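Reader: I am new to this structure and would like to go through it in questions and answers. Could you show it to me before we begin?

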Amino acid sequence: MGEERAGDGGGREFHRVSEELRARMVDGTYPVRSFLPSQRDLAEEFGVSRDTVQRVLRELATEGWTESRQGSGTRVVKNQRIQSSTAKATRSRRGVSLGPLISEAFEQPEVALDVYTLTSESLDTHIRLQAERIRGGFIHPRSISLRMLLPTTSVPLPYPTAKDEENATRLHHRLLAITERHTDSLRTVLRELRAEELVPAVDVQIRHVPLTPAFKLYVLNGVEVLFGPYEVTERPVVLETGEEIMALDVLGLGATLTHHIRDADPDSPGSVFATSMRAWFESVWSLLSE
């Protein structure tokens with residue numbers, strides 16, 4: 001059986017397994033401190049080689065999702081944590097991750113997401129989970145609007161970067177491929193909801209801005225804002241070939257997000273910050289309008 005799977009280590013199978021495991025950690029199937037199935041069980045479940053599973057687990061570990069110890073297996077160690085700007089929010093959101101907040105946003109009749117990020121990878125994972133909730137009849141939004149700002153592909157970014165020029169180019173192409181793959185996935189999954197007549201109105205707009213993202217920003221339904229600076233770290237980046245390249249990179253997962261709510265008091269810290277970041281997004285979006 002292992003010989004039959006010897007050729008499955010290409011990019012498509014690698015991405016399929018890694019994205020499914022991320023989705024399971026996001027939706028709580030594998031919560032923090034739980035252990036993933038064994039490499040053998042994962043290889044059997046997904047119909048791939050142990051080598052493919054090992055490369056996926058290395059990538060998840062370098063991104064901060066998991067840690068592996070000899071003889072103990074692979075354990076989930078981190079999810080994106082959120083700190084709140086108001087006392088009320090702190091009580092209600094303590095220890096909450098990004099996933100539940102997006103889930104709450106999708107439970108509204110009209111869903112509006114404004115996002116500024118380095119790639120669309122995390123957002124793609126969360127929205128695909130919401131699409132399954134819609135198909136399962138658990139939520140029934142009447143409209144979904146997504147506006148996303150991404151860095152333009154023509155401007156070199158300072159991260160990820162490697163010491164030598166050849167590897168720097170490979171890392172840049174990897175980043176572009178990740179962004180393109182998940183952006184296409186986002187467009188497809190949302191448009192399919194409209195085509196299947198599950199969501200009457202769907203609007204997806206993506207614009208590219210000549211800026212290096214120093215932070216990620218989510219504006220949920222015009223009321224809640226999630227903001228977090230990217231943290232630069234030295235880490236091994238795993239290529240589809242299995243090769244590891246040491247690089248200076250940012251981990252979106254590792255960035256601490258602060259949660260701000262625009263409430264009835266316009267002078268509260270949450271309202272002030274949420275209003276200012278919404279205005280920032282609108283100003284940049286307007287400048288890029290065609």
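Reader: Leaving aside neighbours within four places in sequence, which residues is Leu-123 in contact with?

Author: In this predicted model, the neighbours of Leu-123 within four places in sequence are set aside. What remains is contact with Ile-102, Leu-113, Val-115, Leu-146, Met-148, Leu-186 and Tyr-218.

Reader: Which element gives the largest share of the largest nonpolar core?

Author: That core has 29 residues, and Leu-123 is one of those that touch the most other members, as are Phe-106 and Ile-144. The elements that give two or more residues to this core include β4 (110–116), α6 (121–135) and α7 (165–195). The largest share, five residues, nevertheless comes from α5.

Reader: How many residues are in the other core, which lies apart from this one?

Author: The other core has Met-25, Val-26, Leu-36 and Phe-46 among its members. Its residues number 17.

Reader: Why are α1 and α2 described as roughly perpendicular to each other?

Author: Helix α1 covers residues 11–26 and helix α2 covers residues 39–46, and their axes are 12 Å apart. Angles of 65 to 115 degrees count as roughly perpendicular. The two helices are therefore roughly perpendicular to each other, as they pack at an angle of about 115°.

Reader: How many residues of the contact of α1 with α2 are charged?

Author: From α1, Glu-13, Arg-16, Val-17, Glu-20, Leu-21 and Arg-24 meet Leu-42, Glu-45 and Phe-46 in α2. Divided by kind, the residues of this contact comprise four nonpolar and no polar, and the number that are charged is five.

Conventions:
Residues are numbered from 1 along each chain as its sequence is written. This is a predicted model: local features need pLDDT of at least 70, side-chain atom pairs count only at pLDDT 80 or more; totals for chains, interfaces and linings use all residues. Side-chain values use heavy atoms; hydrogens and water are left out. Axes are lines fitted to C-alpha atoms, for helices over the stretch in contact, and angles run from 0 to 180 degrees between N-to-C directions. Helices (H or I, at least four residues) and strands (E, at least two) are DSSP runs, numbered from the N terminus. Angles under 35 degrees count as roughly parallel, over 145 as roughly antiparallel, 65 to 115 as roughly perpendicular and the rest as oblique. Contact means heavy atoms within 4.5 Å. Ala, Val, Leu, Ile, Met, Phe, Trp, Tyr, Cys and Pro count as nonpolar, Asp, Glu, Lys and Arg as charged, and the others, Gly among them, as polar. A nonpolar core is a set of buried Ala, Val, Leu, Ile, Met, Phe, Trp, Tyr and Cys residues joined through side-chain atoms within 4.5 Å. Buried means under 20% relative accessible area, exposed over 50%, partly exposed in between (1.4 Å probe, protein chains only).
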